[in-house]
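Visitor: Hi, I'm new to this one. Could you walk me through it?
Guide: Sure, let's put it up and take it a piece at a time.

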Amino acid sequence: MSLKGKDLISAGDLSASDIGAILKLARRVKQEGGRSRGALVGRAFALYFEKPSLRTRVSFEVGIAQLGGRAIYLNKNTTHAERGETLPDAARVLSRYVDGIIFRANRHSAVNEMAACADVPVINALSDMEHPCQALTDIFTIFEKKGRRKKLKIAYIGDGNNVSNSLLWVCAKLGLHIALACPDGYEPDAAVLKKTRIAASESGGIIELHSAAEPAVRGADVIYTDVWVSMGQEAEMKARKKAFRRFKVDERLLNLAAPDAIFMHDMPAHRGEEVTAEVIDGDRSVVFDQAENRLYVQKAIMMMIFRR
């Protein structure tokens with residue numbers, strides 16, 4: 001239980017045993033339902049969101065409420081950020097009121113700054129570099145559907161973005177096999193790729209990077225994709241759609257994977273772009289189970305960080 005009182009900024013901050021403990025507690029939370037109520041009684045949390053959200057906001061707010069705590073949602077319209085109040089000042093003020101800060105940020109550097117200035121734990125609820133809560137939920141869902149075995153092959157198709165960076169860290173720590181297929185120029189962060197390859201060599205994991213989707217998908221147990229144009233990248237839409245046109249997950253690509261392969265997407269999804277409607281709405285898609293599991297994994301994370 002080494003997470004007590006700590007920040008969760010990057011999936012790379014977690015050890016394999018930390019990840020295992022989160023997944024184990026999340027399973028218990030899901031199985032027990034209401035029995036975990038009361039774990040955060042008397043605790044208040046600031047959901048400080050610079051970006052809009054459906055799944056992240058609702059899963060954190062519901063999770064906090066079910067654990068007996070109180071969530072206070074803050075965005076640019078409910079703070080003085082656009083009038084010049086600095087993030088360090090906001091962090092110090094919030095630390096006087098709340099027990100934790102759930103921060104959904106535009107820049108990863110802002111998450112680091114918030115954590116450095118706050119006197120309470122900060123959880124990264126998404127930045128341009130990482131999405132650790134999502135990656136932990138993804139692995140929880142994969143183990144739930146496919147069992148926990150190191151020979152699992154996970155194929156990630158598309159943009160080497162924040163989700164892929166966090167997935168790389170979790171897979172590397174747990175010794176899993178992940179194959180990424182990204183267009184040239186859209187690979188995961190170079191520093192993250194270098195560090196996770198070192199971690200994978202120590203854990204027995206495998207990291208592959210391909211410039212085409214087909215070799216990554218062959219024999220895969222899981223096919224995962226994400227949007228081609230993330231929030232804040234709208235100016236790049238035309239170039240990105242051109243670069244990613246051969247990376248759409250369709251029935252042809254899905255059929256190159258293992259016969260019982262599952263399809264995953266962190267959502268929101270753009271049917272007809274990164275994935276066809278036939279795949280995401282098909283029998284092998286687990287995207288809604290994946291979305292539901294955000295609730296249990298994030299409850300487990302909060303229970304471990306904020307336990308008394």
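Guide: We'll go through the sheet, the cores, the aromatic pairs and the salt bridges, and keep in mind that this is a predicted model.

Visitor: Okay, sheet first. In what order do the four strands sit in the open sheet?
Guide: The order is β2-β1-β3-β4, and the pairing is parallel.

Visitor: Which are the edge strands?
Guide: Those are β2, residues 70-74, and β4, residues 122-124, since each pairs on one side only.

Visitor: How many degrees are neighbouring strands turned against each other?
Guide: On average 20 degrees, ignoring direction.

Visitor: How many bridges join β3 to β4?
Guide: Three, and the two strands run parallel. β3 covers residues 100-104. If you want a spot to look at, find Ile102, which stands opposite Ile123 in β4.

Visitor: Which strands does helix α3 lie across?
Guide: Helix α3, residues 87-97, lies across β1, β2 and β3. Its direction is at about 165 degrees to β1, which spans residues 44-49.

Visitor: New topic: the largest nonpolar core. Which residues touch the most other members?
Guide: Ile22, Ile123, Leu136, Ile139 and Ile301, out of 62 residues in that core. You've already met Ile123, across from Ile102.

Visitor: Which helix gives the most to this core?
Guide: Helix α12, residues 287-305, which puts in nine residues.

Visitor: And what does Leu136 touch?
Guide: If you skip residues up to four places away in sequence, Leu136 touches Leu8, Leu14, Ile19, Ile22, Leu23, Val170, Val297 and Ile301. So two of its contacts, Ile22 and Ile301, are on that list of residues touching the most core members.

Visitor: Why would such residues bunch up inside?
Guide: As a general tendency, nonpolar side chains in soluble globular proteins are buried together.

Visitor: How many residues are in the second core?
Guide: There are 26 in that separate core, including Ala181, Phe247, Ala261 and Val275. Phe247 turns up again in an aromatic cluster with Tyr186, Trp228 and Phe244.

Visitor: Oh, aromatics. How many aromatic pairs are there?
Guide: The count is seven aromatic pairs. In one of them, Phe49 and Tyr73 have ring centres 5.5 Å apart and planes at 70 degrees, so the pair is edge-to-face.

Visitor: Where do Phe49 and Tyr73 lie?
Guide: Back in the sheet we began with: Phe49 is in strand β1 and Tyr73 in strand β2, so the pair ties together parts 24 residues apart in sequence.

Visitor: Is Phe49 buried or exposed?
Guide: Phe49 is buried, at 2% relative accessible area. Its partner Tyr73 is partly exposed, at 21%.

Visitor: What about Tyr156 and Tyr224? How are their rings arranged?
Guide: They form a tilted pair, 5.6 Å centre to centre with 40 degrees between the planes. Tyr156 lies in strand β5, residues 153-157, and Tyr224 in strand β8, residues 222-225, so this pair ties together parts 68 residues apart in sequence. Tyr156 is buried with a relative accessible area of 0%, and Tyr224 is buried with 0% too.

Visitor: Last topic, salt bridges. How many?
Guide: The count comes to eleven. One joins the side chains of Arg252 and Glu214, at 3.1 Å from N to O. Arg252 is in helix α10, residues 251-254, and Glu214 in helix α8, residues 213-217, so the bridge ties together parts 38 residues apart in sequence.

Visitor: How accessible is Arg252?
Guide: Arg252 is partly exposed at 47% relative accessibility, and Glu214 is partly exposed at 21%.

Visitor: Which residue does Asp281 bridge to?
Guide: Arg271, with the closest N and O atoms 2.8 Å apart. Asp281 sits in the loop between α11 and α12, and Arg271 in the loop between β9 and α11, ten residues apart. Asp281 is partly exposed at 48%, and Arg271 is partly exposed at 41%.

Visitor: Which residues do shared partners join into one network?
Guide: Asp159, Glu236 and Arg240. Within it, the side chains of Glu236 and Arg240 meet at 2.9 Å, N to O.

Visitor: Is Arg240 buried or exposed?
Guide: Arg240 counts as buried, at 6% relative accessibility, whereas Glu236 is partly exposed at 37%.

Note on methods:
Residues numbered from 1 in each chain as written. Predicted model: local features only at pLDDT ≥ 70, side-chain atom pairs only at ≥ 80, totals over all residues. Heavy atoms only, no water. Core = buried A, V, L, I, M, F, W, Y, C linked by side-chain atoms within 4.5 Å. Buried < 20%, exposed > 50% of the residue type's maximum accessible area, 1.4 Å probe, protein only. Contact = heavy atoms within 4.5 Å. Salt bridge = Lys/Arg side-chain N within 4 Å of Asp/Glu carboxyl O. Pairing = 2+ DSSP bridges. Axes fitted to C-alpha atoms, helices over the stretch in contact; angles between N-to-C directions. Phe/Tyr/Trp six-rings, centres within 6.5 Å; stacked < 30°, edge-to-face > 60°.
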